[in-house]
Amino acid sequence: MAKRSTLFIRIVEGKNLPVKDISGSSDPYCIVRIDSEAIIRTATIWKTLSPFWGEEYNVHLPPSFHTVSFHVLDEDSLSRDDVIGKVSFSKEDLAAKPQGVDGWVNLTEIDPDEEVQGEIHLQISVLGKGDARILRCHVLEARDLARKDRNGASDPFVRVRCNGKTHETAVVKKSCYPRWNESFEFEIDEAAGEMPLSVEVWDWDLVSKNDFLGRVLFSINKLQFAIQQEDAWFRLGPDKPKHSQPQPEQTLGSLRLQLRLRDETVLPSSRYRPLVELLCQSVGTNLNGNLPDLMMLIDETTTADNRQEVATNLVKLFLGQGLVEDFLDVLFKLELEKTGEPNTLFRSNSLASKSMESFLKVAGMQYLHRLLAPTINRIFDEKKYVELDPNKVELKEAGCTGLHRIHTEADVIQQGTTHLQSYLAELLHTIVQSAAHCPPSLRHAFRRLYQRVQEHFPEKEYRKVKFIAVTSFLCLRFISPAIMSPKLFHLREKHADARTSRTLLLLAKAIQTIGNLDTLACCSKEPWMVPLQPTIQQGIDHLKDFITQLVSFEDREDPGRQAQVGLQCGSMEKEGFLLLHRTKDKCMLMASPFRKYYVTLGKDTLSYAKTQHSKVGLGEGDRNKKSSFIALPKIKAVEKVEEKSFGSANVMQIISSEENGQMETLYLDCKSVNELNQWLSALRKACIHNTDTMSSYHPGIYKGDKWSCCHQKDKADAGCDKTRHGVTLQEWYDPLDPDLESQLIFRHLIGVKQVMREKYLEKVLVMEDNGPAKPDEIGRFFSVLQELQETHASVDEVERSREKSLLLELQT
């Protein structure tokens, strides 16, 4: 049994942001932080006060997290980025809204006294009896304190107040992981009534005012009656309550966010097996030609609010069971039974449409990247000015044809047409040549779709419908959206600028027109697309040939093909060039220790080489050509490194053990916070089953004769900060998690169980002359659902009792 917290985040857009640049605009981006840790950075949207991001993330979190915050900043190339404001949500805020947060939220100013982080380790004891009681506060250490100085650290000291007396520890210079080990004693005066013990952490500054780093408050009256000694880590809190939202005249703008926190208790696989078997039987019985009652009920009771989520969960569940093609086939038949007009087929957001769309994203992303990456990268690199609409032509953007002749509007449109035809021809050539590279699961799904539509609309006047059914998904719901927003489909790290974005939009329009198999409709609606008509018509002919080839492509017979479908999208692989440094028994690091290597995360190893295809070991002096890889089971920790260690905020470390038991650390310098967290996440997921992992680590480096983070001189010191194995980002290439998908489907079915029962009883009444189609299947389904619900209730009760006992223990 596992308990998992998943936070869905969609950063939609902003509005009314303040002006930060001399141009009268801003260049806003968002940083998402879980507690104090930055995990996501959106793309920068240039020169706007109303940015649109549309970026979505799923973050897996440990249940112990406290807050999620969104910091909006203005990017500056010559100076530090300007802070605009932030929005914060506590875990309790999100848990109180199981349906999620969806709407506009005002930004607030960032108060330095509220921006605290970290924990402090204290021993608090009450000594003596009667009136002669002494309170002893032993200040041991702190970790992960806020960085207040330019050197990327702080100079912390602790101020302890009680009963009118104040004591201070020594100042620890340049450390966010200080160790003090100092004790202070206070006489307890019971006649004074309620007495607080205040433990405050400050950053010492020689010239300016000391910076507040956080505080912990204790009730002495409760302490002396509840404990003799308390030894624990305490989370630092702000100095004062959070200020209220700004008044309209003081507004910093607002963000439109969608957030949903889900805490899932995932049971062992055996508990879900009866439900999964029933779902598999429901799609497996499709062979006899009858539509299964269970899938019909699920289709009819899934609403627009949760249809996308349910579709994705069902697709992943059936992928893992090797039955995704049968599942989609059932939905194709259900959709065709409800559709009388061919022109509306698969155009609504039905469960069939959403499921096929999810299937393409889950199983076809590598194929999509193969199709689009060359053309998308070319458009971004060339930055050509492309415009066909005379009403939008800007001659100053087009430049000159020569030294003295300025472009005319006709010149600009002709030039734009030439560029767009080139991009379109390149992309169409790639598509029509890709049948053999299309994943078998996609080919078989398109073949089923093609055949079902052909059977349902056999008339000659509907001969194009079977092609349009395929292109409505391949072109309109998969390729075109990825062209318009390549960042959202992981094709680019950043959003396109205005010029490139317009080129992408025009290319996507052309692909949509080709996918509709109709040039006249587009050209009548947007006559300025007429110059592309010959290329579009040629593309339609080529696309129909491609679809014919795609659905008739013969794979070699493989009895285990269906069972392997789920594995095709479940390989944990990541690769790319990174700056890398390995330290082994070294104390002094070079001034510039990093070298560029191609790093590959495979199924069992993390390997690195000088080039993408090279097998050369690390380092020019490596005469013995030692192996340039780390076995994943040997990895003990994957963590971030303090910015001051290498002068970069995007360095991570991989700590692994060698055969002789010695530890070796590999440092990787990433290009951005997003790349850093993607590598952290991928490695943590790849090592999730490792045993004997480290519980603490050093976020700094061992340089000279001490650790840069906590100043300890023992190189073998256990570590001054706790490891963070639990924070990971969900990626499209993540392995399937059958138990989690089963739990998500179960939760949805419980929510609609009563509606499903009512709809089923209605069907029974209608069919009572002939009897229900499969009463045993549906009856067993409700029985299995009830049993699983009771199991969950008992497990949740045990978990609540355990948490309550733990809370009482902490409170005392």
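This passage walks through a sheet, some helices and a handful of single residues in a predicted model.

A good place to start is the open sheet. It has five strands, laid out in the order E7-E16-E1-E4-E28, and the pairing is antiparallel. Strands E7 (101-106) and E28 (728-729) sit at the edges, and each has a single partner strand, so one side of each is left without a neighbour in the sheet. Helix H19 (residues 738-751) packs on this sheet, where it touches strand E1 (2-15) and E16, and its direction makes about 105° with that of E16. As a bit of background, strands of a sheet pair through backbone hydrogen bonds, and they can do so in a parallel or an antiparallel way.

Going through the pairs turns up some handy landmarks. E7 and strand E16 (residues 254-266) are antiparallel and share six bridges; here Val101 stands opposite Leu259 in E16. E1 and E4 also run antiparallel, and eight bridges join them. To find this pair on screen, look for Leu7, which stands opposite Val59 in E4. On its way to the edge of the sheet, E4 is joined to E28 by two bridges, again with the strands running antiparallel, and His60 stands opposite Thr728 in E28. So how enclosed is strand E4 (residues 52-61) by the rest of the structure? Seven of its ten residues are buried, so E4 is largely enclosed.

Next come the helices. Helix H10 (residues 409-432) and helix H15 (residues 533-552) pack with their axes 10 Å apart, at an angle of about 10°. H10 and H15 are therefore roughly parallel to each other. On the H10 side, the residues that meet H15 are Gln421, Leu424, Leu428, Ile431 and Val432. Their counterparts in H15 are Thr535, Ile536, Gly539, His542, Leu543, Phe546 and Gln549. What kinds of residues make up the contact of H10 with H15? Seven are nonpolar and five are polar, with no charged ones.

Helix H11 (residues 440-456) can be checked with a ruler. From its first C-alpha to its last, this stretch of 17 residues reaches 24 Å, close to the 24 Å expected at 1.5 Å a residue. The buried residues in H11 are Ser441, Leu442, Arg443, His444, Ala445, Phe446, Arg447, Leu449, Tyr450 and Val453.

Helix H13 (residues 498-516) gets the ruler treatment too. Its 19 residues should span 27 Å at 1.5 Å a residue, and the end C-alpha atoms are indeed 27 Å apart, which agrees. Plenty of names turn up in the list of buried residues in H13, including Thr500, Arg502, Leu504, Leu507, Ala510, Ile511 and Gly515. Just after H13 comes Leu517, which has a positive phi, near 55°.

That positive phi deserves a pause. Most residues other than glycine have a negative phi. Two further residues go the other way. Asn16 is not a glycine, yet its phi is positive, near 55°. Asn16 is found in the loop between E1 and strand E2 (28-34), and its relative accessible area of 53% makes it exposed. Lys174 is not a glycine either, and its phi is positive at about 50°. This lysine, Lys174, lies in the loop between strand E11 (165-168) and strand E12 (179-187). Is Lys174 buried or exposed? With 51% relative accessibility, Lys174 counts as exposed.

Two buried residues round off the picture. Ile655 lies in strand E22 (residues 651-657) and counts as buried, because its relative accessibility is 8%. Along the chain, Ile655 and Ile635 are 20 residues apart, but their C-alpha atoms are separated by 5.9 Å. Leaving out residues up to four places away in sequence, the residues that Ile655 touches include Ile635, Ala637, Met663, Met694 and Tyr697.

The other one is His698, placed in the loop between strand E24 (696-697) and strand E25 (702-703). His698 has a relative accessible area of 5%, so it is buried. Which residues does His698 touch, not counting residues up to four places away in sequence? They are Gln653, Trp707, Cys709, Cys710, Asp717, Ala718, Gly719 and Cys720.

Terms used
Residues numbered from 1 in each chain as written. Predicted model: local features only at pLDDT ≥ 70, side-chain atom pairs only at ≥ 80, totals over all residues. Heavy atoms only, no water. Helix = DSSP H or I, 4+ residues; strand = E, 2+ residues; numbered from the N terminus. Expected span 1.5 Å × (residues − 1). Buried < 20%, exposed > 50% of the residue type's maximum accessible area, 1.4 Å probe, protein only. Axes fitted to C-alpha atoms, helices over the stretch in contact; angles between N-to-C directions. Parallel < 35°, antiparallel > 145°, perpendicular 65-115°, else oblique. Contact = heavy atoms within 4.5 Å. Nonpolar A, V, L, I, M, F, W, Y, C, P; charged D, E, K, R; others polar. Pairing = 2+ DSSP bridges.
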